[in-house]
Amino acid sequence: STRKESSAASDVYKRQVLVGTEYMTSKKQREAFLANIAFGDWPIVLITRSTFGLIPCSDDYTTGFIQDYIEEVEEQIKSTDDKLTLRELEKVKRSLNAKMLSVLNRQKKDKTNFCFEKLGIQQIVVDEIHEGGFKNLMYLSKLNGVGGLGPADGSQAAFDLFLKARHLQNKYEGRGLLGLSGTTITNSVVEAYTYLRYFYLDEAKKAGISDPVSYTHLTLPTTP
């Protein structure tokens, strides 16, 4: 449980750690908690997955991130004639447009004074990263019919983690995300590609690995 982990972390660091719960449902409670993170000197902040998902990135960063992704999708759409691939790409684009609309609505209704970038977080550590939808990361690809690939539009939990991780990695030279799991890859090589994107996206792009197709060609033997 979160409380047990808090006690163990306090024993290690010899200092109190900050614990957030899933019960912070009101804006006032969330703002107070985020202010505590931003202004406190905490070695560790322990929170549930649901609480993590309630901490927004700034509107400018989020909309810019989404817009870059939308432009990449549109380029893929222009370059393919495959109907199944087009259907998946259009699904991704609709999902991204919905995320953009959600951010714009949040600007009007639920704007926070403490976005993720202002909290002073240096690293995200995710326990059991294979759970909670985190391995269902949105992807762009012309690859179809591969086991474990999952829906192209992915899950909100994975998108949120990726968004925050990329902010830290850009700020701290590739560092910022640590995932813990005893059963990381269960179905296919595509799951390995997902974790590659989470932890080493910049290095993968430099190596020419930019989508599941290039990754599977690199890792799977060619059948004569």
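C115 is buried, with a relative accessible area of 9%. That value comes from a predicted model, as do the others in this text. C57 is buried too, at a relative accessible area of 3%. Do these cysteines sit in a disulfide or in none? The count of disulfides here comes to 0. For C57, the nearest cysteine sulfur is that of C115, and the gap is 7.3 Å. For C115, the nearest is that of C57, again 7.3 Å away. A disulfide needs two cysteine sulfur atoms within 2.5 Å, so this pair does not qualify.

Turn now to the strands. Strand β3 covers residues 124-127, and its side chains alternate. I124 and V126 point to one face and are buried. V125 and D127 point to the other face and are not buried. Which strand pairs with β3? It is β4, residues 177-180. The two strands run parallel, joined by 4 bridges. Within this pairing, I124 stands opposite L177 of β4.

Next, look at the surface beside these strands. V125, L178 and L180 make a nonpolar surface patch of about 230 Å². V125 belongs to the face of β3 that is not buried. L178 lies in strand β4. L178 counts as partly exposed because its relative accessibility is 38%, and partly exposed covers values between 20% and 50%.

Charged side chains come next. Side chains of opposite charge can pair when their charged atoms come close. How many salt bridges does the structure hold? There are 6 salt bridges. Three of them, described below, involve helices α4, α5 and α7.

Start with E74 and K93. They form a salt bridge, and their closest N and O atoms are 3.3 Å apart. E74 lies in helix α4 (residues 59-78), while K93 lies in helix α5 (residues 83-109), so the pair ties together parts that are 19 residues apart in sequence. Both partners have some exposure. E74 is partly exposed, with a relative accessible area of 30%. K93 is partly exposed as well, at 23%.

Stay on helix α4 for the next pair. The side chains of E75 and K78 meet in a salt bridge, with 3.9 Å from N to O. Both residues lie in α4, 3 residues apart, which is about one turn of the helix. K78 counts as exposed, because its relative accessibility is 66% and exposed means over 50%.

Another salt bridge joins E191 and K135, at 3.6 Å from N to O. E191 is in helix α7 (residues 189-206), and K135 is in the loop between β3 and α6 (156-171), so this pair ties together parts that are 56 residues apart in sequence. Is E191 buried or exposed? E191 counts as buried, at 3% relative accessibility. Its partner K135 is partly exposed, with a relative accessible area of 23%.

Finish on helix α5, the helix that holds K93. E90 is found in α5 too. E90 is partly exposed, with a relative accessible area of 32%. Where does the fold bring E90 relative to D153? Their C-alpha atoms are separated by 9.3 Å. Along the chain, E90 and D153 are 63 residues apart.

Technical notes. Residues numbered from 1 in each chain as written. Predicted model: local features only at pLDDT ≥ 70, side-chain atom pairs only at ≥ 80, totals over all residues. Heavy atoms only, no water. Buried < 20%, exposed > 50% of the residue type's maximum accessible area, 1.4 Å probe, protein only. Pairing = 2+ DSSP bridges. Patch = residues over 30% accessible without salt bridge, like charges linked within 9 Å, V, L, I, M, F, W, Y side chains within 5 Å. Areas by Shrake-Rupley, 256 points an atom, 1.4 Å probe, with all protein chains shown as cover. Salt bridge = Lys/Arg side-chain N within 4 Å of Asp/Glu carboxyl O.
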